[in-house]
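Biologist: Before we discuss this entry, I should like each label to be justified by its value and its cut-off. Shall we look at it together?

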Amino acid sequence: MSFVGKKLINDPNAAVTEFIEGLVETYTGLQYLDGFPEVKVVLRADVSSSTYDKVSVISGGGSGHEPAHAGFVGQGMLTAAICGDIFASPPVDSILAGIRAVTGLMGCLLIVKNYTGDRLNFGLAAEQAKSEGYKVEMVIVGDDCALPPRGITGRRGLAGTILVHKVAGAAADAGCSLAEVTAEARRASEMIGTMGVALSVCTLPGQVTSDRLGPGKMELGLGIHGEPGAAVADLQPADVVVAHVLMQILSSETHYVPIERGNNVVLMINGLGATPVMELMIAAGKAVPMLQLEHGLAVDRMYTGSFMTSLDMAGLSITVMKVDEAILERLDAPTKAPAWPVGVDGKRPATKIPVPVPLSPILTNKECPSRPQQLSEQGRILEVAIEAAANELINIRDSLNEWDSKVGDGDCGSTMFRGASAIVEDMKKYYPLNDVTETIKEIGFSIRRVMGGTSGIIYDILFKAAYAKLKSTSQCTVTSKELASALQAAIAAVSLYGGASAGYRTLLDALIPASEVLQERLKAGDDPIDAFVLSSEAAFIGAESTKHMHAQLDTSLSNSTSISCLPGPVAQLVD
């Protein structure tokens, strides 16, 4: 069933002009010509043709590729960007207006992606400008490596064009002549190869969403206007896709780019519009070692982000550019273009070794804990209690998941299962069971290591706070009243950091009455085992009371299982 794609716009026909208005409001260094809707030109606010004494660098094309090209207008990159309608080459009059607005005595360079409409319109505008006395040169960028050159048309212009913008803009900003800027831009364009992979096609504003790429499919070499690529294939893992794209760009058979083993390169991972940063970074992390180890190339710079998109297309393109010190100097030169990545600063190391994780001062100053060879009577009781409680959680995993699925994301049981399983395994090796206080600390470590989400943090806080309270007594043997005080301190810590209290429909609605009853009965002189049984009953009643409450916090806290209802052997820990 066909449907119009959802867009956060007003009139589809005004999308480009409204984009430009928002752009110049956002970046004070940008301005636009007052010629809407026919003339859509973004230019540097500080440049006027009557006073500008450097070469102007102008680019542009159809809109829909943002931030290209308007986002790269700024000192050190483009002087102006000519915006056409979405996926449509800008008209000659618009290009001419841009040339006239920013071109001074030093002349201007037009950087044009290799599409027929762009070549013709920019070419005609250049000839007209020359007839008016302007000095104009043009460099055409065709960096596509997915398809072989098509007769006189040649390779399509893709994201590698942005690197040509940077080289040319830096050369112009350095005061180079028009001939020098043109030569540097042309040389840079000859060093670049790009290939894209799409997971979906894009949807134009007001148009029906295409279903050309079905579920589980990807298209290799899809054009930035949605043009068909080289092949449609089954979706593959990121490292397989990256390896294929790099192999295609660097193929010795097609020889799209003059790159050989031992060369220095820069790498650009470009999102096509709807690709999460996480996926781009995954591709970046795979591409660098592949270039280094499999292709024998030194990766001097790395640019990852969305530079030349295709509206809401999911996917990415990879650009590899051969560089030398002269090109690197231009790429590293400062720029005020808002879309250029400011975090890439200078030469990247050949390898990056992760920084070691700092250990806790407690662990660095003491030997790692270990299970005693001989357990005391309290140690044996503690082992039985921990194992019984952990096994109970392991056994009810599916039930907890089922309950959680009715109000949350259905993973409570699995989360508790991981924590309980880790506790059982770690107890066999690390828990100093003859020392209750240190064992409680180790339980917290086990939970932190394997339990994610809110539940893991809650229980880690619970055990850490209890440990801190018990540690203040500096005794291996713990009394029942000290355990009760530790539970009270743990509840207070969870309430402080989690923001919950009684009546919020959380695990505290079970733990708080359990703690109160335990303290009350011990203070009254009850046998510790009897006090614990009464405490467990209070916890059960408190848990049941949540049926009639409305949750006031995140469901992760609300769904966390109360640990107050531990099996009977734990009661024997008290004296």
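Modeller: In this predicted model, H69 lies in the loop between β3 and β4. A cis peptide bond joins A68 and H69, with omega at about -5°.

Biologist: Where is P67 found, and what kind of peptide bond joins E66 and P67?

Modeller: P67 is also found in the loop between β3 (56-63) and β4 (80-86). The bond that joins E66 and P67 is cis, and omega there is about 15°.

Biologist: How do you know that C83 is in no disulfide?

Modeller: A disulfide requires two cysteine sulfur atoms within 2.5 Å. For C83 the nearest cysteine sulfur belongs to C108 and is 16 Å away, so the criterion of 2.5 Å is not met. The structure as a whole holds zero disulfides.

Biologist: Why is C108 not bonded to C176?

Modeller: The closest cysteine sulfur to that of C108 is in C176, at 16 Å, which is too far for a bond.

Biologist: What makes C83 and C108 count as buried or exposed?

Modeller: The label "buried" applies under 20% relative accessible area. C83 has 6% relative accessibility and therefore counts as buried. C108, with a relative accessible area of 0%, is buried as well.

Biologist: What is notable about phi of H255, and where does H255 lie?

Modeller: Phi of H255 is near 50°, a positive value in a residue other than glycine. H255 lies in the loop between α6 (238-249) and β10 (264-271).

Biologist: Why is H255 called partly exposed?

Modeller: That label covers the interval between the buried limit of 20% and the exposed limit of 50%. H255 has 44% relative accessibility, so it counts as partly exposed.

Biologist: Which value does phi take in L311, and where is L311 found?

Modeller: Phi of L311 is near 55°, which is likewise positive in a residue other than glycine. L311 is found in the loop between β11 (298-305) and β12 (315-322).

Biologist: Which residues are in contact with G273, leaving aside its neighbours within four places in sequence?

Modeller: Those residues are T309, L311, D312 and M313. G273 itself is found in the loop between β10 and α7 (277-294). By contrast, the C-alpha atoms of G273 and R380 are separated by 60 Å, the two residues being 107 apart along the chain.

Biologist: What makes G273 partly exposed?

Modeller: The relative accessible area of G273 is 41%. Because partly exposed means between 20% and 50%, the label follows for G273.

Biologist: How do you know that A484 is buried, and in which helix is its place?

Modeller: A484 is in helix α15 (residues 480-498). Its relative accessible area is 2%, and buried means under 20%; A484 is therefore buried.

Biologist: What touches A484, leaving aside its neighbours within four places in sequence?

Modeller: A484 is in contact with S515, L518, Q519 and L522, where contact requires heavy atoms within 4.5 Å. Between A484 and S545, 61 residues apart along the chain, the C-alpha separation is 23 Å.

Biologist: Why is H550 called exposed?

Modeller: Exposed means over 50% relative accessible area. H550 has 69% relative accessibility and so counts as exposed. The place of H550 is in the loop between α17 (528-545) and α18 (555-559).

Biologist: Which residues does H550 touch, not counting residues up to four places away in sequence?

Modeller: H550 touches Y504 and R505. H550 and Y504 are 46 residues apart in sequence and 7.3 Å apart in space, C-alpha to C-alpha.

Biologist: How does the radius of gyration of the protein stand against that of a compact globule?

Modeller: A compact globule of 575 residues would have a radius of gyration near 25 Å, whereas the protein has 33 Å. Along the principal axes, its C-alpha atoms fill a box of roughly 105 × 50 × 45 Å. The protein has 18 helices and twelve strands, and buried residues make up 49% of its 575 residues.

Conventions
Residues numbered from 1 in each chain as written. Predicted model: local features only at pLDDT ≥ 70, side-chain atom pairs only at ≥ 80, totals over all residues. Heavy atoms only, no water. Helix = DSSP H or I, 4+ residues; strand = E, 2+ residues; numbered from the N terminus. Rg over C-alpha atoms; globule rule 2.2 N^0.38 Å. Buried < 20%, exposed > 50% of the residue type's maximum accessible area, 1.4 Å probe, protein only.
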